[in-house]
Amino acid sequence: MALRAGDSQAAMTGVKEKVLTLDTMNSSIRRVEYAVRGPIVLRALELERELRQGVKKPFTEVIRANIGDAQAMGQKPITFLRQVLALCAQPDLLNSPDFPEDAKSRAEHILRACGGHSLGAYSISSGIQLIREDVARYIQQRDGGISADPNNIFLSAGASDAIVTVLKLLVAGEGRARSGVLIPIPQYPLYSAALAELNAVQVDYYLDEERVWALDVAELRRALRQAREHCRPCALCVINPGNPTGQVQTRECIEAVIRFAFEERLFLLADEVYQDNVYAEGSQFHSFKKVLTEMGSPYAEQQELASFHSVSKGYMGECGFRSGYVEVVNMDAAVQQQMQKLMSVRLCPPVPGQVLLDVVVSPPAPSDPSFAQFQAEKQAVLAELAAKAKLTEQVFNESPGIRCNPVQGAMYSFPRMQLPPRAVQHAQELGLAPDMFFCMSLLEETGICVVPGSGFGQREGTYHFRMTILPPMEKLRPLLEKLSQFHAKFTQEYS
């Protein structure tokens, strides 16, 4: 019997060819890219190692302004959240005089809902029933009394996990019948990565940078019309407040989007993880669920919606505990059962994260002993973020060749920068996107790590970078000034 070339080589060398190679692996995985933790971040980690080894650099530390990781940037945890979590994790502390009584009663309340009264036990796949009920009450209060059903709420390992779960339900078909999902450009790279992994079609619609990254229904129509020539668009994703663009959508815009989705039979995904992060005067967060319901018939009874929230952002910044939720509205009952089945494969979301979520959606009441401290800490975080948003816009807009829209919400600025033609040409010779070349040069010379706009998507011929506003104020101003000075030097060098 004839041997394959690989088998023949193995017979001679005694070394078998690997079963799993780049050629044999899932080709969809090879297409996945995630700019927020991409090549520039890997280089930042290498530079940190070199600094620890005593290698001389033009800087003394790497400032990772690439990701919305609040506590890594120095934000202190909210005391009450951690007190309840500590008490749940180590119930012996319930006898300690060092914890306030409302934290103790909350911990006891949560532990009674846990299997074996322990965080170490699995919960049901959709999350602890008590906590889902508290999430429903939070949504109802947030939305001015509009009811929420705990059975339509699924807890998850961060909002990302829930988003991917819903996308898995939506994606189907082959060829021109393959599912397409409309996502904003610029976008959070989770969406492009998940769609690549699922072998779905990414349908780009562009936000209008000249109008503070506004969402325009005419642009949605253009994207949908073109997409229908080669795929089956089935869903529309909106990120509000925006990541990486920081805009907050008006109620009128949300109503227009809902009407569009209804007319075009598109499932709506509302990524609302930054709903606590609204800073600009005149801006206000409106949930898609609230607007949808208040629009009345036929939208309230028929438009399908999944909305997502998380403890990773807001004032909490508890990224590492991986906790969030999705609420589904008007989902087909049989599909909702399939969603429950899909989630059960992963057993349950992390239970400590569920505890934190419960405290976030049900914080101390005004009559509770921890209320004053909780409110003071929460407001201090949000007030500082608002000040940093304003400072970021101001410093960048004072810099020639950089223009930054108002950071109305979320945790990032997404400035547009001018790059000289020689820099663009040199980047292309190196096989790099021009903004990647700029960001890599910035990192090597200053230690500042930001993410190139090409990782989020941008209009052809424009260049951006995303920078988080999370560094402490005493580091943020020097960082902004150093970045602006580097851009001026870079421009001069390549002019």
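Begin by selecting Arg 106, which you will find in helix 5, the helix made of residues 101–112. Keep in mind throughout the tour that what you have open is a predicted model. Is Arg 106 buried or exposed? With a relative accessibility of 13%, Arg 106 counts as buried, because the cut-off for that word is under 20% relative accessible area. If you now show the residues around Arg 106 and leave out those up to four places away in sequence, you will see that Arg 106 touches Val 84, Asp 358, Val 359, Ser 362 and Pro 363.

Next, select Ser 370, which sits in the loop between helix 14 (351–361) and helix 15 (371–397). Although Ser 370 belongs to a loop, Ser 370 is buried, and its relative accessible area is 8%. Which residues surround it, once the neighbours within four places in sequence are set aside? Ser 370 is in contact with Phe 80, Gln 83, Pro 100, Asp 102 and Pro 364.

Now move to the strands, and select strand 6, residues 267–271. Five of the five residues in strand 6 are buried, so this strand is largely enclosed by the rest of the structure. In a regular strand, the side chains alternate between the two faces of the sheet. To follow this in strand 6, colour Phe 267, Leu 269 and Asp 271, which point one way, and then Leu 268 and Ala 270, which point the other way; all of these are buried.

With strand 6 still selected, add strand 5, residues 232–239, and you will see the two strands pair in the parallel sense over five bridges. One place to look is Val 238, which stands opposite Ala 270 in strand 6. If you trace the chain from strand 5 to strand 6, the path goes through helix 10 (residues 251–263), and this β-α-β crossover is right-handed.

Add strand 7, residues 305–310, which pairs with strand 6 in the parallel sense over four bridges. Here Leu 268 has Leu 305 of strand 7 as its bridge partner. Strand 7 is mostly covered, since six of its six residues are buried. On one side of strand 7 are Leu 305, Ser 307 and His 309, and on the other are Ala 306, Phe 308 and Ser 310, so that you can inspect both covered faces in turn.

From strand 7, continue to strand 8, residues 324–329, where the direction of pairing to look for is antiparallel and six bridges join the two strands. Ala 306 is a helpful residue to label, as the bridge partner of Ala 306 in strand 8 is Val 328.

Finally, turn to the empty spaces inside the model. How many cavities of 30 Å³ or more are there? The count comes to two, and the largest of them has a volume of about 40 Å³. To see its lining, select residues including Pro 184, Tyr 205, Leu 215, Val 238, Ile 239, Asn 243 and Thr 245; Val 238 is the residue you met opposite Ala 270. The lining of the largest cavity divides into seven nonpolar residues, five polar and no charged.

The second largest cavity has a volume of about 30 Å³. Select Trp 213, Thr 245, Cys 404, Asn 405, Pro 406, Val 407, Ser 413 and Phe 414 to display the residues that line it. Of the lining residues of this second largest cavity, five are nonpolar, three are polar and none is charged.

How values were computed. Residues numbered from 1 in each chain as written. Predicted model: local features only at pLDDT ≥ 70, side-chain atom pairs only at ≥ 80, totals over all residues. Heavy atoms only, no water. 1 Å grid on protein atoms, 1.4 Å probe; cavity = no way out; pocket = protein on both sides within 12 Å on 5 of 7 lines; lining within 4 Å. Points joined across faces, edges and corners; volume = space filled by probe spheres on them. Nonpolar A, V, L, I, M, F, W, Y, C, P; charged D, E, K, R; others polar. Buried < 20%, exposed > 50% of the residue type's maximum accessible area, 1.4 Å probe, protein only. Contact = heavy atoms within 4.5 Å. Pairing = 2+ DSSP bridges. Right-handed = clockwise from strand over helix to strand, strands pointing away.
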